[in-house]
Amino acid sequence: LVMNCRFCNSRLKHVFADLGKSPIANSYLKGNEINKMEPFYPLCAYVCSKCFLVQVDEFEKAKNIFKNYIYFSSYSKTWLDHVKKFAVESIKKFKIEQNTHIIEIASNDGYLLKHFKKSKIPILGIEPAKNIAKIANKNKIPTIPKFFGAKTAKDLVKNGKKADFLIAFNVLPHVPNLKDFVKGLKILLKPEGIIVIQFSAYLMSLIQKTAFDNIYHEHFSYFSLYTLNKIFSAYGLKIFNAKELSIHGGSLRIYATHSNNNKINISKKIKELIVKEKNNGLKKISTYTNFNKKVEDLKPNIRKFFIDAQKKGKTTICYGAPAKGNTLLNYCGITNDLIEFTVDISPHKQGLYLPGTHIPIYSPEYIKKVKPDYIVILPWNLKDEIMEQLSFIRKWKGKFVIPIPNMRVV
């Protein structure tokens, strides 16, 4: 594969993680589809030796991936508490009031914007998945069903819509045309406006935890603050603050504004975090190329757990049907002969099958009927919330298994 960096256009020569071939992680199957041909694409992340952007090629167009998406943000209590806290803190910190215009990109079903709406702050959501945008509008969260980029930004500006406060949570990694997206941010932001971007799979913590399951086709790019700083500067934006967060297994939140906005100074946290990244090897190509070896070493250990459990006659099921779980199962070759089923709290996923492995997805109620010996928590980033929800499995001496950073029984 010959691929150039989607930011600086350098030729990509170094493999970060080669996970073989895999289906699109959120392409869940209906019962009548599991015997049909299923497309598998190479899942290989490369690192750019010039700007250190880690990236996956675009095999399936984003517009096809997100056309009818079934990832709803409203099913994790941990996440909902997190965004509510963010909204409350932002209103206070940035003195957001009833004449502040808030726009959110990839606003999903309005789970975040509703907290600003309660305070009578003007809001607008932009959501590429038409099915989800429809639900948001039904919930009285004004949402336009569009992909975000320079064109959408220009159309909004023409219609008199510009943002004082522009939010983009868990969307930046999902953007194949990164430059166009950042140009769009610049266009849509008022002269003294503020952008808040947050995403999981923050590169420093992904490498530290060997969290290879965060790599899938919908995640086109993986960022360090060092690289993001380069990208934003190139488009006339400055990152003035940043925060590492533990949510979603390690996230990064950045605050940005126009480069010429002299009212906002760059916090010393930016330099501190870039130094921390450097100390963790994020400016050395060997850190990235060594990651692939670490992932290869994990694979047999993960497989061994499932095979040993089966040999001992133990029942093993999974909890959750997240995209990351599909990467883990497909890469490690764990299929429905080793796992009876998985359960997911989202009714939109129940009754479907996981892509590639064809493991059926049931409602969590099913756990009590089957009384499994082991529950492997695929969204391990939410393990505390899930273990609390399912603490009843201790009655029959059921145990939890956390797969990342290494297989461990709890």
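**Exercise 1.** In this predicted model, determine how many bridges join strand 4 (residues 102-105) to strand 7 (residues 163-169), and whether the two run parallel or antiparallel.

*Solution.* Strand 4 and strand 7 are joined by 4 bridges. Their directions are parallel. Within this pair, phenylalanine 165 of strand 7 stands opposite isoleucine 102.

**Exercise 2.** State in which order the 7 strands of the open sheet are arranged, and identify the edge strands.

*Solution.* The order is 6-5-4-7-8-11-10, with mixed pairing. The edges are formed by strand 6 (143-144) and strand 10 (237-245), each of which pairs on one side only.

**Exercise 3.** Establish which strands helix 2 (residues 77-93) lies across, and which strands helix 8 (residues 225-234) touches.

*Solution.* Helix 2 lies across strand 7, strand 8 (189-200), strand 10 and strand 11 (251-258). Relative to strand 7, helix 2 runs at about 160°. Helix 8 also packs on the sheet, where it touches strand 8, strand 10 and strand 11. The direction of helix 8 makes about 155° with that of strand 10.

**Exercise 4.** Characterise the packing of helix 5 (residues 150-158) and helix 6 (residues 178-188).

*Solution.* First, the geometry: the axes are 7 Å apart and the packing angle is about 15°. Angles under 35 degrees count as roughly parallel, and therefore helix 5 is roughly parallel to helix 6. The crossing of the two helices is right-handed.

Next, the contact: helix 5 contributes Ala150, Ala153, Lys154, Leu156 and Val157, while helix 6 contributes Asp180, Lys183, Gly184, Ile187 and Leu188. By class, this contact of helix 5 with helix 6 has 6 nonpolar, 1 polar and 3 charged residues.

Conventions
Residues are numbered from 1 along each chain as its sequence is written. This is a predicted model: local features need pLDDT of at least 70, side-chain atom pairs count only at pLDDT 80 or more; totals for chains, interfaces and linings use all residues. Side-chain values use heavy atoms; hydrogens and water are left out. Two strands pair if DSSP finds at least two bridges between them. Contact means heavy atoms within 4.5 Å. Axes are lines fitted to C-alpha atoms, for helices over the stretch in contact, and angles run from 0 to 180 degrees between N-to-C directions. Angles under 35 degrees count as roughly parallel, over 145 as roughly antiparallel, 65 to 115 as roughly perpendicular and the rest as oblique. A crossing is left-handed if the near helix is turned anticlockwise from the far one by less than a right angle, and right-handed if clockwise. Ala, Val, Leu, Ile, Met, Phe, Trp, Tyr, Cys and Pro count as nonpolar, Asp, Glu, Lys and Arg as charged, and the others, Gly among them, as polar.
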